[in-house]
Amino acid sequence: TKPNIDQTAMLVKTYACQRRTPLKHHNSFLTEALEILSQNAEYNDNEGRSVAFRRAASVLKALPHRVKNMEDLRSLPCLGDHSQRVIKEILEDGSSREVESTRQSDQFQAMKALTGIFGVGVRTADRWFREGLRSPDDLVRTGQQLNRAQQAGVQYYDDLQKPVTKAEADVISDIVEKAVRAVLPGAEIRLMGGFRRGKDVGHDVDFLITHPEEGKEEGLMPKITNWLEEQGLLLYEKTTRNSYLEKMDGPARAPNNMDRFERCFSIFKLQTGSETERAVRVDLVVSPYSQFAFATLGWTGSKLFERELRRWAGQEKHMSLSSHALYDSKQNLYLRAKTEEEIFAFLDLEFIPPSERNA
Ligand code: DCP
Ligand code: MG
């Protein structure tokens, strides 16, 4: 027999990495509202509050039905008082006053526009907002000092605002494969991020690159970017070197979502017609083969899913998970893995395929 709604709710686990979260779900009318409040908290540098709203939204994404009344929420985890108030108002009145006034607010709109510029984080955007600036045009008009990334961000702002389609990501995949094949035969390339989770649009295209012979991947990125540069395909690139050292980064390091792979933040020039082209954000990451499973897991997302995996590892398993390794603090050793499945197993988690990591 089919479980009733309350029984379904009881089955919803606390950590997002214990749940299956499909891309399309039944509660966008609630999750979009909660995510506005999460985003606004992030703009106000309130990480705790931001994560709380994001977790609440994520629980609703995992439900197999549309929420109809507050009864449906009984026994669900991660729904704090504030989230419940917002949900109640939307269920009763069709919208939440707090969400709507946030959405309309000068600060929210300006922070969205300013942090939407490639190379601009919350801190910089907030400083500009307090100086009275509201948009990329304002930055140009008032002659703000911009670093190289931000200059590119302003220059290609309109293109980078447009979602990247899966079709465009596939074209970029072919280009990246060609580049990598040309400079290192035998290398493996994997499409990561939202597209690996089955999204049909994204804000950028993420790739992970490795070679089965450990060591062959060293120094690979400059070769790739040179090749792309020679073909006239790059509008911007900044490469950061691999700075991961197991001894330093493993057990001693606080859980952090920034990894230390050789990485290239770039903007590609993509041909979209015989006379037309557009700018697309592309991230390239190179991983040693021995870390490839961890890098794959860490670069598939979603961001909340990743965050919850690390929290689960630390709080429930006394392990420390990063995109490089899994360290077991009880046994004082690194757990080696060749596949994502093995990592889930080490963590005592049921394997969740990428298409159901849309937490
Ligand atoms: N990632 C992470 N934490 C970060 C940045 C990235 O865990 N601070 C991981 C998870 C993401 C992946 O890297 O899924 C790629 O990051 P994106 O910002 O590109 O996120 P998505 O690809 O998921 O979304 P989008 O479709 O907007 O590109
Ligand atoms: Mg992405």
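Is Asp204 buried or exposed? I looked this up first: Asp204 has 7% relative accessibility, so it counts as buried (under 20% relative accessible area; exposed is over 50% and partly exposed in between, with a 1.4 Å probe and protein chains only).

A note to self on the ground rules. This is a predicted model, where local features need pLDDT of at least 70 and side-chain atom pairs count only at pLDDT 80 or more, while totals for chains, interfaces and linings use all residues. Residues are numbered from 1 along each chain as its sequence is written, chains are lettered from A and ligands numbered from 1 in the order in which they are written, and side-chain values use heavy atoms, leaving out hydrogens and water.

Next, the metal. I found Asp204 (OD) and Asp206 (OD) as the protein donors of the magnesium ion (ligand 2), at 2.0 to 2.2 Å. Donors here are N, O and S atoms within 2.8 Å of the metal (3.2 Å for Na, K and Ca); water is not among the atoms, so sites may look incomplete. Asp206 is buried too, at 9% relative accessible area.

Then I turned to ligand 1. Asp206 has a side-chain N or O atom 3.1 Å from an oxygen atom of ligand 1. For Arg197, I noted a polar side-chain atom 2.9 Å from a ligand 1 oxygen, and for His203 the value is 2.8 Å. Alone, ligand 1 exposes 550 Å², and the protein buries 82% of that (Shrake-Rupley method, 1.4 Å probe).

Last, the shell by class: I read one nonpolar, eight polar and six charged residues around ligand 1. Asp, Glu, Lys and Arg count as charged; Ala, Val, Leu, Ile, Met, Phe, Trp, Tyr, Cys and Pro as nonpolar; the others, Gly among them, as polar.

Conventions
A polar contact is a pair of N or O atoms within 3.5 Å; within protein, one must be able to donate a hydrogen and the other to accept it, and residues adjacent in sequence count only if both atoms are side-chain atoms.
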